[in-house]
Structure formats: C-alpha cells, structure tokens
Amino acid sequence: ARVLANQSTKSSTNIVSVTGGFRDEQQAEAMRQLQQRVGVSLQVFLRPENSTPIQLKGKPLAKAVASAGDKQVRNEATAKLFMRDNSDLLLLNDPDRELRLAHRQADESGGEVLRFTQQYQGLPVWPGEIGVHLDSGGDVVMVDGAYIATPSNVAVQPAPDATSAVSKARGAVSAGATATVE
C-alpha cells in the first residue's frame, strides 16, 4: 500500500512506502499523522494477517521527553508517550494498561531498547512483545515486535469448572472413568 500525506505547510506531497494493509481508516489516518511529524524518513511495515506494525522506523519517530529523572526514567516515559500518542496506529486501546516493561537492553551505539510484553485483563498475550528503540539522546528511532491488536470479547475466565474438565478428559480417552488425571 502507498499512503499520500501532506508533510509541510508548503503543500508538498510525500509518498511513504507502507508494506501490508491498514485495518481501517482510523489506523491509516494515524499513520498519516505520524508521517506529518516524522517526514520522509518514516518506514512502516504492517503484519499482513492482523495489520499490526512489524516495524516503524524514522529519524526520529518521537523526541525524548523532558524528565526530571535519570536516563532510564526519561526513556521509559518517552516510549510510553510514543505508544499512547500512536495507539490508533499500533491498534492498542490502552497501551498503559496493556503493555508492561519487561526488560531493558543497551545497544552498541549508546542507546537502549525497552521491551514491553502485552497483557489483556491481566493475562499474558502471545505473541505479545513490542520493542521501543531509543538513541543515545533518548529519541525513539524504531519500534518493532510481534503482538496482536487489543482483543475484544475474549473470555478471561475458564468456561468449565475443574470437575467438568476432569469428566470431559476422562471421556476423551480409552481408559474412560478409570483414567488417572494429573
């Protein structure tokens, strides 16, 4: 897919190459807004089966936030703000609730990668990881990962109780009612 978006007040039009298709117009509009902020360096790769970004690249995707804390506090705040500001593009309803910082990883250029795991109503989602790459100044330069859009209408409580589950399991094997269930 190719997306046209006005980049500046000069009304010049830039074409951003996008692999994969958008889920809906809301996601496409979110990409156009990001492109307006980032410019021609933006690269967007979407997962064909669910339209979530495999990778977003740009110099920078977002500037570091001003922080009274240290580098780690600044980087985490910058990453979370980027995900909130781009939740429609990422297909996440509430990144602050759905993503948890799992670990930090220094890179060879003095930057840092923050890895977030995805959760839905307190349960881990698989696949469910987003990496936010920050340069040495704390700017977001890449986001990548494998995750799904925010689930909807998914039961988080098991449907059968333990007794029913044991009964069904015994019924499914040749030993039947005498089968041992561990």
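This report introduces the chain as a whole and then follows its helix H1.

## The chain as a whole

The structure shown here is a predicted model. Its chain is built from five helices and eight strands. If you trace the elements along the sequence, you meet them in the order β-β-α-β-β-α-α-α-β-β-β-β-α. The table gathers some overall values for the chain.

| Property of the chain | Value |
|---|---|
| Share of the 182 residues that are buried | 38% |
| Share of contacts with a separation of 6 or more that join residues 24 or more positions apart | 46% |
| Exposed area | about 10,400 Å² |
| Share of the exposed area supplied by carbon and sulfur atoms | 50% |

## A walk along helix H1

Helix H1 covers residues 25-38, which makes 14 residues. At 1.5 Å a residue, a span of 20 Å is expected, and the end C-alpha atoms are indeed 20 Å apart, so the two values agree.

Just where H1 begins, aspartate 24 acts as a cap on the N-terminal end: one of its side-chain oxygens lies 3.3 Å from the backbone nitrogen of glutamine 26.

Which residues of H1 are buried? They are Gln27, Ala28, Ala30, Met31, Leu34, Gln35 and Val38. Because these residues cover an arc of only 155° around the axis, they sit on the same side of H1.

After the helix comes glycine 39, and its phi is positive, near 90°. So, reading along this stretch, you pass from the cap at aspartate 24, through the 14 residues of H1, to glycine 39.

How values were computed
Residues numbered from 1 in each chain as written. Predicted model: local features only at pLDDT ≥ 70, side-chain atom pairs only at ≥ 80, totals over all residues. Heavy atoms only, no water. Helix = DSSP H or I, 4+ residues; strand = E, 2+ residues; numbered from the N terminus. Buried < 20%, exposed > 50% of the residue type's maximum accessible area, 1.4 Å probe, protein only. Contact = heavy atoms within 4.5 Å. Areas by Shrake-Rupley, 256 points an atom, 1.4 Å probe, with all protein chains shown as cover. Expected span 1.5 Å × (residues − 1). Arc of directions from axis to C-beta. Polar contact = N/O pair within 3.5 Å; in protein donor to acceptor, adjacent residues only side chain to side chain.
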